[in-house]
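Me: I'm new to reading protein structures and would love a close look at one single part. Could you pick a residue and walk me through its surroundings?

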Amino acid sequence: MLLDSQWKKVLNRVENEVTAVNFDLWISNLQPVQYVNDELVLIAPSVTAKNQVNQPAIFEKLTKAVRTEFTPYTFVRITDKQEYEESLRKQDEEIEKTKDNSNLKSKFNKKYTFENFVVGKSNQVVCAAMQSVAEKPSEKFNPLFIYGGVGLGKTHLLHAVGNYLNEHQPNLNVLYVTCEKFTNDYVESLKNVKSNSTNDFREKYRNVDVLMVDDIQFISNKTGIQEEFFNTYNELYQNNKQIIIASDRPPKEMSALEERLRSRFSSGLIQDIQEPDYETKVAIIKKKCAQEGFLIDNDVVDFIAQKTSTNIREMEGLLSKVVFYASLLGKNSSSIEDAKEALKDYGEVKHNELDADKIISTICEFFKVSREDLVGNKRNKEIVEPRQMCIYLINDLLNIPLTAIGSIFGRDHTTVMHARDKISNQIKTNPHTKVLVNDIKSRLMKS
Ligand code: ADP
Ligand code: MG
């Protein structure tokens, strides 16, 4: 009822703003169905009507009127009946999926294999160590601790071990978790003491043949996490199970790490993965292109390799932009001119300099809110929306786990997931959000 009356006010407003034809044909036929989390969903009677209303000239005026009657930060999503029902169904499915998967054996990203990993000077020792552990778990290096900077291939190698073992020794129970997942599972098990879930937790983690923990640098020394990890570790180790750990820094530089864990880690092999040299970067680009069936000239390869620092993930990002741009032109290859055009906004990007602090200050400036409010507890829409946008961007642009992002805002990881999913859905469905996000991103890149 409230929604209808608000919507009527919006209609009155837009009526004066657009032509009578546009109003009668398209806008007056929209039906408001949902207003949740600052998002107003309007159903258009047909796909044509939806497309018409999504035209910037109409859409912008409509959004403006909605924001006057609802809140200044309301997002408008125009959809049609079929699409709307589909999106509801998908949401349900997602929820079901996360319920099902939690206790299954790990699934590994099929792209992250040893075959797809380009070996160069910077990573050959690590790669050899990982391969020998994959071939003969628990025989050589236990634990195997690998470390190195962001985007250098640690997660790729862990998955490669997983894929290899699933293929060659499918009976082994191989578990891959991020440190964050381990922590969440443990905290969750404590919440439901009565329902025996602590036992479930122990059963899950202590019945594995190979345990891989990614991003261990985020292990906290709160709520007994290190204690629990220590116990899990000992039990596995005593039973001659393989343990592989990845981190962005060596154990000796992890200040929050308890001494007893540090010494456990040091008893095996600690091996670093270094930044790739130029040849390795070139070889990686060529390999990715070959996999995708994308034809690439050497000058384009050089152009991309020179444009990125040493983060391979970032380099892949630039390559995808080039591939995407070519696909818009209907090609499966790129000339150097097209590549330059595709990456023209990335001229001076130094992603290394981007950090959460900078994203927060850019958001504050953009939405005219104070930092104190942004990371604080206020729940009014004027603050909530910029906050969600900020969380989304930090998650999108930086390699920080959800719990760590949550702690910047004094919230838990579920809030972060909610904000992330909400904004990324809006980007897909709402042209306005997409423009807004790109706008903020380009500010971040320029400054
Ligand atoms: P990390 O976990 O160290 O931050 P990732 O394993 O996520 O890094 O790697 C980032 C991206 O770079 C992944 O898509 C991965 O496939 C790719 N990558 C990294 N190193 C290599 C390599 N040597 N060969 C091929 N791809 C690589
Ligand atoms: Mg990783």
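Reply: Happy to! One definition comes in handy: a residue is called buried when its relative accessible area is under 20%, exposed when that area is over 50%, and partly exposed in between. Keep in mind that this is a predicted model. Now find Glu227, which has a relative accessible area of 38%. Because that value falls between the two cut-offs, Glu227 counts as partly exposed.

Where does Glu227 sit? Look for helix α10, made of residues 225-238, and you will find Glu227 there. Next, see what Glu227 touches: once neighbours within four places in sequence are set aside, Glu227 is in contact with Glu258 and Arg260. For a longer view, turn to Thr414, which is 187 residues away from Glu227 along the chain, with 24 Å between the two C-alpha atoms.

Now let's step back to the whole chain. The assignment splits the chain into domain 1 (2-81), domain 2 (124-272), domain 3 (278-342) and domain 4 (351-446). Between the C-alpha centres of domain 1 and domain 2 there are 51 Å. Counting the elements gives 21 helices and 10 strands, and the C-alpha trace spans about 80 × 65 × 40 Å along its principal axes.

Glu227 is partly exposed, while buried residues account for 47% of the 447 residues in the chain. As for charge, the chain carries 60 positive and 63 negative side chains, and the centres of these two sets are 2 Å apart.

How values were computed: Residues numbered from 1 in each chain as written. Chains lettered and ligands numbered in written order. Predicted model: local features only at pLDDT ≥ 70, side-chain atom pairs only at ≥ 80, totals over all residues. Heavy atoms only, no water. Domains from an automatic or database assignment. Helix = DSSP H or I, 4+ residues; strand = E, 2+ residues; numbered from the N terminus. Buried < 20%, exposed > 50% of the residue type's maximum accessible area, 1.4 Å probe, protein only. Lys, Arg positive; Asp, Glu negative; His and termini not counted. Charge placed at Lys NZ, Arg CZ, Asp CG, Glu CD. Contact = heavy atoms within 4.5 Å.
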